[in-house]
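Thanks for making the time this morning. I would like to walk you through one structure, taking its strands and its charged side chains in turn, so please have a look at it before I go on.

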Amino acid sequence: MEFFNKAKAVRLKSHLDKYLVADDDEETVRQSRNGGASKKARWTVELVEGNPHIIRLKGCHGKYLTAADVPFLLGMTGMKVLQTVPATKKDISVEWEPIKEGYKVKLRTKGGKFLRANGATPPWRNSITHDLPHRTVTQDWVLWEVEVVDISLLDNEYISSCASSFSSEYDYSGSNTRSPSITSENRENSLQFAAPESRWPSIAASQDRWLSITSDRSAHRSGMEFFNKAKAVRLQSHFGKYLVADEDEETVRQSRNGASHKARWTVEFIEGKNSVIRLKSCHGRYLTASDDPFLLGMTGKKVLQTIPATKTNNSIEWEAIKEGNYVKLMTREGKFLRANGGTPPWRNSITHDIPHRTATQNWVLWGVDIVDIFVSDSDSGSSLLSPTSSFSSLADDYMGSPDTGSPAIQSGRSWNASMKQVSGMEFFKKAKSVRLKSHHDKYLTADDDEESVIQDRAGSSINAKWTVEFVEGVDNVVRLKSCYEKYLAASDEQFLLGVTGRKVVQTFPRKLDSSVEWEPIRDGVQIKLKTRYGEYLRANGGLPPWRNSITHDIPHRHHDWILWEVDVIEILPKSPPKVSRSESLEDDVVSSSSFHLMSPAFLSLQSGGSSDDSPRKSEGRLIYYNVADDYSNVNDAIEGPSFQFKGHGLEELTQKLEEETGLENIIVCSRNQVNGKLYPLRLALPPNNATMHVVVVPSTSRVASDFIPETPTFV
């Protein structure tokens, strides 16, 4: 009953995505895909006094949905469902008990049977019966989605009282003259029908005006809820393809590449028109319903990208109309943005038209994906697009973001303010390192080739550990660094040719750009990691080569594959330092000796802070060292000599080791615990005076030249 308690009228959609409609013969009922615009799909809800679990459903003809005792076909179990006006108040054939089944309902008769939407071949196709589904394949045929329709603001529609008493009288003054009305005297207790002099308009007039209702339609029928908080969107057709602005800056089409900046459309609101929007492409041009026919002799007309000459040009205005979880975009002439299928030239084309055939009703439905666009990284006031931009006919008024190629307009609203509700940063704010577990109970793992990223069940492996870095100036973006000191990156390389997923790799870019930045988005107790281009880190399953692979993609079927559990391995004692975006890694090394995270204690020592706060700092750290032979071989079974080191930098440590060993021009190395290889120390020493084990490689060693950098590196 929760679906009906507050509803004045509803639409019922079957598992075949068709609506329950009252036929024009005012007797039969059937299924139809034309449920959005037709009032025959609307059923007024009446509650039964004294029984809070029962409802009646009245069609647009004023007749009730009735479970008849007449068989639909002789010899079959299903019985007819009709529109009738029962003779008495106690007739239980018009009463239905809603039973919740997930997010859908079953409608049960008093005889224990269910309202059923039939499929298969005629005469069963599109028919409605009441029956008990005995076969497994027909269990879904009795499930219905409930869409609430608010018709209280349409003064040309008849609305009966939600809790009216049933009346056995059915007095029309004329079949097409006046619609029934409710008298003020018995509004609470009974329903009557008005005489010809009723103040209500005629039914015919109501039908004529139905499609002309514009932005003043009721709020929940409007599809603006999909756009109100959006700065930019992607529109996905029922073919799973996206509306894209072509490179010729004139045509629009459909494409499966939703990651392209050409699939993003900036949303602009129109002052004084609450349910109308403009959509601007990455080329700064507006989605326009033109008057040119797509093909001569056909009804569909072209949809283009244009820059209109005047602000009052309504060809670039689209009214969003909600249709379940989708929207229709209607022009001012009452036509709809339509994604065409079939053979060329129709395939992948976009027109605006009114779908007349049942098979093309879904072609005007669009899924809306919200996309957030940054201004250029070089802009210190990074922000989102303004929700209401002032209109301009000049393309030069807009600047493009170098990261996305899409138009961007500065606004006073920050990225942080718009994303607080869904941000998953709380999982990372106190974390120094984490593990990420996929839907398959496997961990995101850096492969031993130091390039690939895979899934593995060995969560205790060091390869499953990812160091968290924060980006200066952006509060809801993280970088993840593997045990090989390489970043988790969303590459542009396809995982397999012909499929949408792209590779996720470990990389060490010369510039820390947006490819290594991930936005955590909370989803219950899990997170999604979104790239700057709107795709998600995805853990794939299935057969090889998909099994255990990692890609970034937009899931169309397996929505759980982009969900990750976050296990915090190390916790930061204080707020972590943030790594700023820089022009190159060399600049970072010169300016701050390292772009890696460093503890606050180490930063205070480098800045000349006092070391009296911790007695351990005054004692220095213990250094164990071994001297490698000419081939860099070291006997690790023998613990080398040690000394107490009170310095703070790598240069001081090198001088101290030269004094201890008597060698000159040495190279100080450390052994990687994963692969056992030697790597020269070129960055800062570990914080907190931790004990170190180093290997001294003499300059006379045959492999010493392998450790000498091509350009000088300052520490």
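Let me begin with strand 40, residues 621-627, which pairs with strand 44, residues 692-697, in the parallel sense over 5 bridges. Within that pairing, Val 627 has Val 696 of strand 44 as its bridge partner. I should say straight away that this is a predicted model, and that what I describe is computed from it.

These two strands belong to an open sheet of 5 strands, in the order 41-40-44-42-43, with mixed pairing. At its edges are strand 41, 642-645, and strand 43, 678-680, each of which pairs on one side only. From one strand to the next, the twist averages 40°. Helix 6, residues 650-661, packs on this sheet and touches strand 40, strand 41, strand 42 and strand 44, and the direction of the helix makes about 145° with that of strand 41.

Now to another part of the chain, strand 27, which covers residues 431-437 and is mostly covered, with 5 of its 7 residues buried. Which strands does strand 27 pair with? With strand 38, residues 565-571, the pairing is antiparallel over 6 bridges, and with strand 30, residues 466-471, there are 2 bridges, again antiparallel. Ser 433 takes part in both pairings, since its bridge partner in strand 38 is Glu 570, while in strand 30 its bridge partner is Thr 467. As a reminder, strands of a sheet pair through backbone hydrogen bonds, either parallel or antiparallel.

Strand 27 and strand 38 are also linked through their side chains, for Asp 567 forms a salt bridge with Arg 435, with the closest N and O atoms 3.6 Å apart. Because Asp 567 lies in strand 38 and Arg 435 in strand 27, this pair ties together parts that are 132 residues apart in sequence. Asp 567 is partly exposed, at a relative accessible area of 22%, and Arg 435 is likewise partly exposed, at 22%.

The count of salt bridges in the model comes to 30, and two others deserve a moment. One is between Glu 517 and Arg 479, where the closest N and O atoms are 3.6 Å apart. Glu 517 sits in the loop between strand 33 and strand 34, and Arg 479 in strand 31, so the pair ties together parts that are 38 residues apart in sequence. Are these two residues buried or exposed? Glu 517 counts as buried, at 1% relative accessibility, and Arg 479 also counts as buried, at 0%.

The other joins the side chains of Glu 95 and Arg 56, at 4.0 Å from N to O. Here Glu 95 is in the loop between strand 7 and strand 8, whereas Arg 56 is in strand 5, 39 residues apart. Glu 95 is buried, with a relative accessible area of 10%, and Arg 56 is buried too, at 4% relative accessibility.

Finally, I would like to turn to Arg 234, which is found in strand 13, residues 232-236. Arg 234 is buried yet has no salt bridge, and the nearest side chain of opposite charge, that of Asp 369, is 4.0 Å away. What does the side chain of Arg 234 reach? It reaches the backbone oxygen of Gly 258, at 3.3 Å. Beyond its neighbours within four places in sequence, Arg 234 is in contact with several residues, among them Tyr 242, Arg 264, Asp 369, Tyr 533 and Ile 554.

Terms used
Residues are numbered from 1 along each chain as its sequence is written. This is a predicted model: local features need pLDDT of at least 70, side-chain atom pairs count only at pLDDT 80 or more; totals for chains, interfaces and linings use all residues. Side-chain values use heavy atoms; hydrogens and water are left out. Buried means under 20% relative accessible area, exposed over 50%, partly exposed in between (1.4 Å probe, protein chains only). Helices (H or I, at least four residues) and strands (E, at least two) are DSSP runs, numbered from the N terminus. Two strands pair if DSSP finds at least two bridges between them. Lys and Arg count as positive and Asp and Glu as negative; His and the chain ends are not counted. A polar contact is a pair of N or O atoms within 3.5 Å; within protein, one must be able to donate a hydrogen and the other to accept it, and residues adjacent in sequence count only if both atoms are side-chain atoms. Contact means heavy atoms within 4.5 Å. Axes are lines fitted to C-alpha atoms, for helices over the stretch in contact, and angles run from 0 to 180 degrees between N-to-C directions.
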